[in-house]
Amino acid sequence: LAMLDRVIVVGTNGVVRWDRAFVPCPAAGSPSDIVTSLFNRVLLEERAAQYGGGGGEVGTYPEGKDTVRWATHREHNLIVAAVHQSSLVLPYVADLLSAAAAEIAAALRQVPPECRDGVFPFPAFTPIFEGLLATAEETAAAEKRAQRKQRTFAESKKYDSTRKAQRDEALGLPKQNEPKQNEPAKAPRGVLTLGAAAVEVGEGG
């Protein structure tokens with residue numbers, strides 16, 4: 001089951017450099033494409049900071065049922081963006097985009113500046129990205145399993161405690177911290193109990 005709908009690398013001039021769709025998506029650059037909306041309504045209007053994308057941070061722009069998150073690599077004037085359904089919570093996406101941008105930058109540094117346009121559409125990046133995505137998803141799944149295991153353990157302890165209380169009640173045993181029948185309750189500190197009476201112990205008493 002694909003969590004991401006699409007990941008796309010676009011130049012800051014709007015030229016698509018790499019594109020990977022996991023489900024049917026609108027054509028890049030079409031009016032219904034959320035990445036197009038990101039460019040037209042956020043980036044071109046210099047509103048990135050309003051959506052958390054200022055200062056090199058990963059931004060988040062929701063529109064309808066979809067959300068696009070993006071990271072900007074200023075050295076090479078590239079934007080790496082991921083689209084997913086707004087109803088999904090995918091905490092690994094920010095790190096994935098940052099890692100993808102770093103991998104692209106590392107690859108481009110190996111190419112003379114005058115030859116970099118010839119690198120794109122960059123098919124060599126596809127297996128690199130798929131490896132990054134697989135690692136990110138597996139890490140997220142492992143963290144989720146660990147959290148579920150912790151909750152299960154806590155719920156198990158609570159269940160055991162509840163069952164013990166029910167068994168004790170069925171047997172007529174006193175509840176925990178409850179004095180046994182015919183046994184005087186422990187007096188508060190500083191109070192001396194004499195039969196049914198309680199006498200405060202004062203200083204020097």
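Of the 205 residues in the chain, 28% count as buried. The model under study is predicted, and the exercises below concern its architecture.

**Exercise 1.** Determine how many helices and strands the chain has and in what order the elements run.

*Solution.* Step 1: counting the elements gives 3 helices and 7 strands. Step 2: reading from the N terminus, the order is β-β-α-β-β-β-α-α-β-β. Step 3: for the contacts with a separation of 6 or more, 46% are accounted for by residues 24 or more positions apart. Step 4: the surface exposed by the chain is about 13,700 Å², of which carbon and sulfur atoms supply 53%.

**Exercise 2.** Establish the strand order of the open sheet of 5 strands and identify its edge strands.

*Solution.* Step 1: the order is β2-β1-β5-β4-β3, with antiparallel pairing. Step 2: β2 (16-21) and β3 (59-63) each pair on one side only and are the edge strands. Step 3: neighbouring strands are turned against each other by 20° on average, direction ignored.

**Exercise 3.** Describe the pairing of β5 with β1 and with β4, and state how far β5 is enclosed.

*Solution.* Step 1: β1 and β5 are joined in the antiparallel sense over 6 bridges. In this pairing I8 stands opposite A81 of β5, and V10 has I79 of β5 as its bridge partner. Step 2: β4 and β5 also run antiparallel, joined by 8 bridges; D66 has Q85 in β5 as its bridge partner. Step 3: the hairpin of β4 and β5 has 4 residues between the strands, and N77 takes a positive phi near 55° there. Step 4: 7 of the 8 residues of β5 are buried, so β5 is largely enclosed by the rest of the structure.

**Exercise 4.** Work out which elements supply the largest nonpolar core and which of its residues touch the most other members.

*Solution.* Step 1: this core has 25 residues, and L4, V80, Y92, L96, I104 and F129 touch the most other members. Step 2: two or more residues come from each of β1 (6-11), β5 (78-85), α2 (93-109) and α3 (125-170). Step 3: α2 gives the largest share, 7 residues. Step 4: α2 lies across β1, β4 (66-73) and β5, and runs at about 150° to β5. Step 5: beyond its neighbours within four places in sequence, L4 is in contact with F22, A82, V83, H84, L90, Y92, V93, L96 and L133. Step 6: a second, separate core comprises 14 residues, including I8, V10, Y61 and V83. As background, nonpolar side chains tend to be buried together in soluble globular proteins.

**Exercise 5.** Decide whether helix α1 (residues 34-43) is mostly covered or mostly open, and find what its buried residues pack against.

*Solution.* Step 1: 7 of the 10 residues of α1 are buried, and the helix is mostly covered. Step 2: the buried residues are I34, V35, T36, S37, L38, F39 and V42. Step 3: these buried residues pack against β1, β3, β4 and β5.

**Exercise 6.** Find the number of disulfides in the structure and classify C25 and C115 by exposure.

*Solution.* Step 1: a disulfide is a covalent bond between the sulfur atoms of two cysteines. Step 2: a search of the whole structure finds 0 disulfides. Step 3: the range between buried and exposed runs from 20% to 50% relative accessible area. Because its relative accessible area is 29%, C25 is partly exposed. C115 has a relative accessible area of 41%, so C115 is partly exposed.

Technical notes: Residues numbered from 1 in each chain as written. Predicted model: local features only at pLDDT ≥ 70, side-chain atom pairs only at ≥ 80, totals over all residues. Heavy atoms only, no water. Core = buried A, V, L, I, M, F, W, Y, C linked by side-chain atoms within 4.5 Å. Buried < 20%, exposed > 50% of the residue type's maximum accessible area, 1.4 Å probe, protein only. Contact = heavy atoms within 4.5 Å. Pairing = 2+ DSSP bridges. Axes fitted to C-alpha atoms, helices over the stretch in contact; angles between N-to-C directions. Disulfide = S-S within 2.5 Å. Areas by Shrake-Rupley, 256 points an atom, 1.4 Å probe, with all protein chains shown as cover.
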